[in-house]
Amino acid sequence: MIEILSNVDFTTFLVTVAGIFVGMFFGALPGFGGSSAMALVLPIAISMSPLNAMVFLIGIFGGTHYGGGIPAVLVGVPGDAGAAATVIDGFKMTRKGRASEALAMVAMGSAIAGIVSVICFHFLAPVLAKAALSFGPPELFVLVIFGLSIVGSIDLERMLKSLFAGALGLGIAAVGVDPYWAEPRLVFGSPHLYEGFPFIPALLGLFCIAQMLSLMAEKDLVQTEEVAAPTFRRTVVGMFETFRYWKALLIGTISGTFIGALPGAGASIASFVSYTIAKSVSSKPEEFGKGSPEGLVAPESANNAVVGGALIPTFALGIPGSGAAAVLMGVMMYMGLRPGPRLFVEQLPLIQTLVTYLLLGNIVMIVFGAIAAGTFYRITRIPIPVLVPCVIAAASVGAYAYRGEAFDLGVMMGFGLLGFLLQRWQYPLSAVVLGLVLGPMAEQYFVQSLAMSGWNFMVFFDRPITIVLWLLIAGSVLSSVVLYRRNRSERLGAGAGAGS
Amino acid sequence: MAWLREAFLPIIGIVYSILYIALTVGLPAESTIFPRTILTVLCILAVLIVLAEYRKRGGEAAKAAPPSQAPLVYGLAVVFVIGFWLFGFMAAAPVFLAAAMLLLGQPVVRALAVAVLLPAGIYLLFTWTFGVSL
């Protein structure tokens with residue numbers, strides 16, 4: 001322990017704290033999820049060392065999940081989709097005058113779950129990566145398909161639209177030179193497009209510009225009555241009280257880590273699943289939906305455990321488990337790190353150091369929860385007509401700073417319009433991003449596999465590992481459908497309970 | 001027709017696919033097999049979405065979209081990025097921020113304060129901390 005702490009670099013620690021702070025800030029803004037926050041700070045992240053950039057972005061990833069619970073508890077509006085289940089009992093606790101305790105439980109539940117999920121990542125990811133080291137191009141192609149199978153399960157209610165959005169992302173990623181003969185495709189003679197559309201400006205357009213344009217349809221971020229500001233003393237007492245609900249904490253942590261590691265099944269599913277399980281094993285199930293601390297701790301810990309869980313397939317297999325993980329993976333690739341089995345051979349010390357900072361980051365989250373959570377909710381009062389131009393100006397600098405090309409500003413605006421239209425007609429943006437990130441890899445492994453097998457398509461089906469992977473894909477899709485149905489029925493049940 | 005409005009993005013997808021396939025004629029198979037497969041799937045999905053929307057809203061008249069200031073903001077943002085390219089961030093950003101906030105009904109003092117302070121903060125962060133020239 002002492003040896004680990006003696007290796008901690010103060011600058012990297014500050015970067016961790018900054019990441020969590022920025023994540024909490026954006027997480028508390030309803031409609032501004034982890035992917036948008038990560039996209040907005042990309043220009044800052046890519047100017048850092050790989051370790052600092054990863055720590056910063058993962059800090060934001062975790063911070064937004066935690067921050068999303070703050071407005072959910074205080075004003076009944078979830079900061080992100082994963083905090084939707086937090087509203088059910090968290091807001092009821094606030095209405096009962098227990099806002100300080102509720103915020104404390106959000107902080108402590110998130111931090112404990114985050115620590116456990118990072119430990120799971122530390123022990124499970126290398127095992128998974130080792131197993132994947134023997135993979136050749138056909139296995140890697142099917143592995144990428146496994147990642148792309150997320151696309152269909154992002155929004156099961158609109159599966160056709162999700163698949164269309166994923167295919168559109170893959171199609172857009174196919175602009176530029178091909179990986180086999182380096183023939184330019186659809187570049188219109190522009191050297192800017194030889195490497196395809198620049199990733200960071202495209203992300204800024206899809207997540208920031210599109211999100212801001214969509215927000216223009218809203219009047220205010222939240223409309224609700226004022227609530228009493230939480231106090232420090234009651235918050236600290238509430239933190240210790242969290243451990244009284246250890247069963248809910250354990251359920252949230254385990255289900256969040258496991259579901260987070262499943263491609264496609266994100267925080268919103270994890271939090272509702274853990275809510276259901278916690279209610280079914282609770283000695284006071286009748287209190288759920290009426291301000292039960294167990295009903296708050298379980299979904300909120302699951303919401304944050306998803307972060308460590310999502311890192312397992314992202315780092316070990318190169319399969320991002322969510323839109324935010326796809327952004328992280330894109331940045332790692334930009335910095336010359338190739339997420340996947342070989343990362344644990346080539347960069348093991350980097351991963352071990354990363355784990356140390358992620359553990360410290362979760363402890364920082366407890367401190368922030370004690371002293372600053374009440375302050376963060378005030379940012380929901382920022383008027384939209386102020387927020388929107390400011391974010392557009394900041395995003396433009398981000399797109400330009402990437403490589404100093406005016407062309408990138410145009411890419412950002414183009415993708416912003418595309419993202420706005422996609423959102424307006426309810427196509428999931430994260431499916432487009434997964435297509436953009438995984439498209440070049442999918443094409444490379446696909447062509448390599450066919451070339452090495454003499455254009456025999458059976459190469460994707462006649463190897464033992466590919467057969468296992470196809471079965472896993474089928475299992476993953478089926479489990480997503482089952483989890484979705486269970487989540488929907490529980491959401492309806494919880495909604496009815498909350499309304500009564 | 002409501003379904004026609006819903007068909008807009010699928011049609012864009014089909015047009016993109018046709019354009020891509022037409023402009024990559026003559027390239028080696030290794031260069032085009034993957035994108036052509038994907039874009040064929042994209043076209044099939046686009047047709048399925050249009051058919052599904054037609055079945056769902058066949059005779060439904062298109063409802064007028066609720067008034068939104070998104071086109072105004074997008075237009076201002078386009079002018080801003082052109083100004084950014086021509087005159088630099090420090091010249092374009094204050095004008096954009098002040099104009100956008102005033103047009104969106106914010107008080108003059110707040111609009112001017114944000115228009116001055118935010119670009120200054122961003123400029124200092126990027127030029128001093130990250131060494132990026134704006």
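**Polar contacts, salt bridges and chain B in a predicted model**

Q: Which backbone oxygen lies 2.9 Å from a polar atom of the side chain of A:N362?
A: This is a predicted model, and A:N362 sits in helix α18 of chain A, residues 348-371. Its side chain has a polar atom 2.9 Å from a backbone oxygen, and that oxygen belongs to A:L358.

Q: Is A:N362 buried or exposed?
A: Leaving aside neighbours within four places in sequence, A:N362 is in contact with A:S110, A:A111, A:G114, A:I115, A:V118 and A:N304. The cut-off for buried is under 20% relative accessible area. A:N362 has a relative accessible area of 7%, so it is buried.

Q: Which residue's backbone oxygen does the side chain of A:S396 reach at 2.8 Å?
A: Start with the location: A:S396 lies in helix α20 of chain A, residues 384-401. With a relative accessible area of 0%, A:S396 is buried. At 2.8 Å, its side chain reaches the backbone oxygen of A:I392.

Q: Which residues of chain B does A:S396 touch?
A: Not counting residues up to four places away in sequence, the contacts of A:S396 include A:L409 and A:M412 from chain A. The C-alpha atoms of A:S396 and A:M412 are separated by 7.7 Å, though the two are 16 residues apart along the chain. On the chain B side, A:S396 touches B:F80, B:V81 and B:F84.

Q: How many salt bridges are there over all chains?
A: The rule asks for a side-chain nitrogen of Lys or Arg within 4 Å of a carboxyl oxygen of Asp or Glu. Pairs that pass include A:E241 with A:R98 at 3.0 Å, N to O. Over all chains, the count by this rule comes to eight.

Q: How many residues apart are A:E241 and A:R98?
A: These two side chains meet in a salt bridge. The pair links distant parts of the chain: A:E241 is in helix α12 (residues 232-241), while A:R98 is in the loop between α7 (84-95) and α8 (99-132). Along chain A, they are 143 residues apart.

Q: Which residue is linked with A:R98 and A:E241 in a network of salt bridges?
A: A:E241 is buried, with a relative accessible area of 13%. A:R98 is partly exposed, at 25%. The network of salt bridges links these two with A:R244.

Q: What is the relative accessibility of A:E139, which forms a salt bridge with A:R463?
A: The closest N and O atoms of A:E139 and A:R463 are 3.0 Å apart. The pair links distant parts of the chain, 324 residues apart: A:E139 is in helix α9 (residues 137-154), A:R463 in the loop between α22 (429-452) and α23 (464-499). A:R463 counts as partly exposed at 25% relative accessibility. A:E139 counts as buried because its relative accessibility is 5%.

Q: Which residue of chain A forms a salt bridge with B:E53?
A: This pair crosses between chains, from helix α3 of chain B to helix α10 (residues 159-173) of chain A. B:E53 is buried at 5% relative accessible area, and its chain A partner is buried at 9%. With the closest N and O atoms 3.9 Å apart, the partner of B:E53 is A:K161.

Q: Which residues make the nonpolar surface patch of about 330 Å²?
A: One member, B:L51, is found in helix α3 of chain B, residues 29-57. Patch residues need over 30% relative accessible area. B:L51 is partly exposed because its relative accessible area is 45%. The patch is made by B:I44, B:V47, B:L48 and B:L51.

Q: How far apart are the end C-alpha atoms of residues 72-105 of chain B?
A: UniProt, in an unreviewed entry, places "transmembrane region" at residues 7-27, 33-52, 72-105 and 111-132 of chain B. For residues 7-27, the span is 76% helix and 0% strand, with its end C-alpha atoms 31 Å apart. Residues 72-105 are 91% helix and 0% strand, and the end C-alpha atoms lie at a distance of 13 Å.

Q: What share of the residues of chain B count as buried?
A: Chain B has six helices and zero strands. Its accessible surface comes to about 7300 Å², with 75% belonging to carbon and sulfur atoms. Of the 134 residues of chain B, the buried share is 40%.

Notes
Residues are numbered from 1 along each chain as its sequence is written. Chains are lettered from A and ligands numbered from 1 in the order in which they are written. This is a predicted model: local features need pLDDT of at least 70, side-chain atom pairs count only at pLDDT 80 or more; totals for chains, interfaces and linings use all residues. Side-chain values use heavy atoms; hydrogens and water are left out. Patches are made of residues with over 30% relative accessible area and no salt bridge: like charges are joined within 9 Å, nonpolar side chains (Val, Leu, Ile, Met, Phe, Trp, Tyr) within 5 Å. Accessible areas come from the Shrake-Rupley method with a 1.4 Å probe; for residues, only the protein chains shown count as cover. Helices (H or I, at least four residues) and strands (E, at least two) are DSSP runs, numbered from the N terminus. Buried means under 20% relative accessible area, exposed over 50%, partly exposed in between (1.4 Å probe, protein chains only). Contact means heavy atoms within 4.5 Å. A polar contact is a pair of N or O atoms within 3.5 Å; within protein, one must be able to donate a hydrogen and the other to accept it, and residues adjacent in sequence count only if both atoms are side-chain atoms. UniProt positions are given in the numbering used here, feature names are shortened, and annotations may be inferred rather than shown by experiment.
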